[in-house]
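User: Please take a close look at one part of this model and explain what surrounds it. Keep the wording simple enough for a first-year student.

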Amino acid sequence: MAYVDHAFSITDEDIMIESSYAVNNKPPIKEIALAIALLVFGVVGIVLGIYMAVNRVGGDKAHGMFFAILGGILFLPGFYYTRIAYYAYKGYKGFSFSNIPPV
């Protein structure tokens with residue numbers, strides 16, 4: 001007879017325990033609020049940065065470019081996680097609130 005390692009085998013009891021697990025797909029409020037705040041501050045930073053660069057507020061274009069780059073850095077994760085939250089809320093296939101990392 002061949003040796004069978006039962007340490008990693010699945011029994012009927014394991015299947016019953018797994019099936020009683022319920023998926024909790026409630027929206028994470030703090031994470032969504034942070035994503036929306038990043039999105040809003042990113043858009044404001046980009047718009048103000050472009051305005052400051054065009055009108056040379058602060059003496060040169062460097063101040064405006066700094067705000068535009070900072071706004072872009074805030075905008076990217078804000079848009080990404082807000083989009084995931086929106087698609088999960090609407091129920092699109094492949095999107096869930098568990099894709100948003102906890103804060």
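Analyst: Helix α3 is among the elements that cover the buried residues of α2. The model is a predicted one. The buried residues of α2 are Glu-31, Ile-32, Ala-35, Leu-39, Gly-42, Gly-45, Gly-49, Met-52 and Ala-53. An α-helix has 3.6 residues a turn, so residues three or four places apart point the same way.

Helix α2 itself takes in residues 29–54, which is 26 residues. At 1.5 Å a residue the helix should span 38 Å, and its end C-alpha atoms are 38 Å apart, so the expected and computed values agree. After α2 comes Arg-56, which has a positive phi, near 50 degrees.

The UniProt record, an unreviewed entry, carries the annotation "transmembrane region" for residues 32–54 and for residues 66–89. In the model, residues 32–54 are 100% helix and 0% strand, with 33 Å between the end C-alpha atoms. Residues 66–89 are likewise 100% helix and 0% strand, and their end C-alpha atoms lie 35 Å apart.

One place to see contact between α2 and α3 is Met-65. Met-65 belongs to helix α3. Setting aside residues up to four places away in sequence, Met-65 touches Gly-49 and Ala-53, and both of these are on the list of buried residues in α2. The C-alpha atoms of Met-65 and Leu-48 are separated by 9.6 Å, with their positions 17 residues apart along the chain. Met-65 has a relative accessible area of 44%, so it counts as partly exposed; the cut-off for buried is under 20%, and for exposed it is over 50%.

Another place to look is Ile-32, also one of the buried residues of α2. Apart from neighbours within four places in sequence, Ile-32 is in contact with Pro-27, Ala-85, Phe-97 and Ile-100. Three of those partners, Ala-85, Phe-97 and Ile-100, join Ile-32 in the largest nonpolar core, where Ile-84 and Ala-88 complete the six residues. Helix α3, residues 61–90, gives the most to this core, with three residues.

The segment after α3 adds to the picture. Phe-95 is located in that segment. Beyond its neighbours within four places in sequence, Phe-95 is in contact with Arg-83, Ile-84, Tyr-87 and Ala-88. Of these partners, Ile-84 and Ala-88 are members of the largest nonpolar core. Phe-95 and Ile-84 are 11 residues apart along the chain, and their C-alpha atoms are separated by 6.4 Å. Phe-95 counts as partly exposed because its relative accessibility is 28%.

Ser-96 lies in the segment after α3 as well. Its relative accessible area is 19%, so Ser-96 is buried. The side chains of Ser-96 and Ser-98 are joined by a polar contact of 2.6 Å.

As for the whole protein, there are three helices and zero strands, and the elements run α-α-α from the N terminus on. Buried residues make up 20% of the 103 residues. Among contacts with a separation of 6 or more, 53% are between residues 24 or more positions apart. The protein exposes about 8,300 Å², and carbon and sulfur atoms supply 69% of that area.

Definitions and conventions:
Residues are numbered from 1 along each chain as its sequence is written. This is a predicted model: local features need pLDDT of at least 70, side-chain atom pairs count only at pLDDT 80 or more; totals for chains, interfaces and linings use all residues. Side-chain values use heavy atoms; hydrogens and water are left out. A nonpolar core is a set of buried Ala, Val, Leu, Ile, Met, Phe, Trp, Tyr and Cys residues joined through side-chain atoms within 4.5 Å. Buried means under 20% relative accessible area, exposed over 50%, partly exposed in between (1.4 Å probe, protein chains only). Helices (H or I, at least four residues) and strands (E, at least two) are DSSP runs, numbered from the N terminus. Contact means heavy atoms within 4.5 Å. UniProt positions are given in the numbering used here, feature names are shortened, and annotations may be inferred rather than shown by experiment. The expected span of a helix is 1.5 Å times one less than its number of residues. A polar contact is a pair of N or O atoms within 3.5 Å; within protein, one must be able to donate a hydrogen and the other to accept it, and residues adjacent in sequence count only if both atoms are side-chain atoms. Accessible areas come from the Shrake-Rupley method with a 1.4 Å probe; for residues, only the protein chains shown count as cover.
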